[in-house]
Amino acid sequence: MQKVVPMAERAILLLSSSRVHGYGYLEHAKPQIVDFLKRKNVESILFVPYALIDHDKYTATVSAALTPWGYKVEGIHTKKCPVEAISSAQAIFVGGGNTFVLLKTLYEKKLIDPLRQQVLHKGIPYMGSSAGTNVATRSINTTNDMPVVYPPSFEALRLVPFNINPHYLETDPHTEHKGETRDERLNEYLEYAKLPVLGLREGTALLVQGDKATLVGDRKAKLFRPNAEPVEYEPNSDLSFLLQL
């Protein structure tokens with residue numbers, strides 16, 4: 001008989017982006033990040049820079065932002081065994097970049113199951129931004145990125161049971177551009193997947209604590225649902241119903 005591993009209380013912070021106009025790197029989300037990590041007494045963060053090519057430079061950028069806030073940042077690429085690094089991490093931050101490259105690397109390094117184990121069964125805090133948010137969901141089918149590489153699967157970490165579209169932005173109604181809009185692309189996905197997609201605008205994030213999900217930030221989020229009109233949610237809205245899918 002297969003052993004059933006009990007679920008722990010999830011601690012997940014999924015940022016639409018790490019940069020917002022008028023702020024330094026991650027600065028716009030500092031209150032949410034500090035509170036999120038403080039709840040778990042985090043002092044050290046394992047950073048996953050696989051979504052960009054220059055891992056050292058990317059890690060240095062993150063460290064420059066988080067070290068003044070009192071956190072030690074270590075890049076997983078500097079560790080001899082990435083799986084062991086995940087297993088011993090106090091908290092995990094997966095940065096943005098190209099979602100296809102990120103997911104392909106996670107599969108290649110056999111980190112999908114270890115990440116799920118740490119976050120879902122041990123309650124280790126997971127923070128994602130942009131591509132790091134995409135891979136935390138059911139699949140990467142709603143990313144905005146170019147498919148420059150081909151992962152073995154589009155199925156992602158499934159830390160939450162729905163999809164997210166980071167950097168969500170409506171088309172200007174006065175534009176003369178007649179190409180396919182972001183809304184049209186997301187609705188096309190819904191025709192096949194039958195799963196909701198949360199459009200996270202810049203400056204917003206989804207905070208998951210146990211069975212509660214809350215929209216944080218200073219802007220609304222837009223929820224796309226199969227066979228239904230999209231719904232706008234105000235900041236601080238309770239989106240816990242999405243975790244029950």
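Author: Two strands are said to pair if DSSP finds at least two bridges between them. In this predicted model, that rule is a good place to begin.

Reader: What makes β6 and β7 a pair, and which way do they run?

Author: Strand β6 (residues 163-165) is joined to β7 by three bridges, and the rule asks for at least two, so the two strands count as paired. They run parallel, and one of the contacts to look for is Asn163, whose bridge partner in β7 is Val197.

Reader: How do you know that β7 pairs with β10, and in which direction do they run?

Author: Four bridges join β7 to strand β10 (residues 221-224), and at least two are required, so this is a pair as well. Here the strands run antiparallel, with Gly199 standing opposite Lys222 in β10.

Reader: What is the order of the strands in the open sheet, and which are called edge strands?

Author: The open sheet has four strands in the order β6-β7-β10-β11, and its pairing is mixed. The edge strands are β6 and β11 (231-233), each of which pairs on one side only. On average, and with direction ignored, neighbouring strands of this sheet are turned by 25° against each other. Helix α7 (residues 182-193) lies across β6, β7 and β10, and runs at about 35° to β10.

Reader: What makes you say that both faces of strand β7 are covered?

Author: In β7 (residues 197-200), Val197 and Gly199 lie on one side and Leu198 and Leu200 on the other, and all of them are buried. Leu198 is also among the residues with the most contacts inside the largest nonpolar core, which has 45 residues; Leu206 is another. Leu206 touches, among others, Leu198, Leu200, Phe162 and Ile164, not counting residues up to four places away in sequence. Apart from this core lies another, of 25 residues, among them Ala11, Val42, Tyr71 and Val73.

Reader: Why is Pro114 called buried, and where is its place?

Author: Pro114 has a relative accessible area of 15%, and buried means under 20%, so the word applies. Its place is in helix α5 (residues 112-121). Pro114 touches Val83 and Ile86, not counting residues up to four places away in sequence, and although Val83 is 31 residues apart from Pro114 along the chain, their C-alpha atoms are separated by 6.6 Å.

Reader: Why is the aromatic pair of Phe47 and Tyr58 called edge-to-face?

Author: The rings are 4.9 Å apart centre to centre, with 85° between the planes; centres within 6.5 Å make a pair and planes over 60 degrees apart count as edge-to-face, so both tests are met. Phe47 is in strand β2 (residues 44-48) and Tyr58 in helix α2 (residues 55-66), 11 residues apart, and both are buried.

Reader: What makes the pair of Phe47 and Phe93 tilted?

Author: The centres are 5.2 Å apart and the planes stand at 50°, an angle that is neither under 30 nor over 60 degrees, so the pair is classed as tilted. Phe93 is in strand β4 (residues 92-94), 46 residues apart from Phe47, and Phe93 is buried, as is Phe47. Ring pairs thus link Phe47, Tyr58 and Phe93 into a cluster, in a structure that holds six aromatic pairs.

Notes: Residues numbered from 1 in each chain as written. Predicted model: local features only at pLDDT ≥ 70, side-chain atom pairs only at ≥ 80, totals over all residues. Heavy atoms only, no water. Buried < 20%, exposed > 50% of the residue type's maximum accessible area, 1.4 Å probe, protein only. Core = buried A, V, L, I, M, F, W, Y, C linked by side-chain atoms within 4.5 Å. Contact = heavy atoms within 4.5 Å. Axes fitted to C-alpha atoms, helices over the stretch in contact; angles between N-to-C directions.
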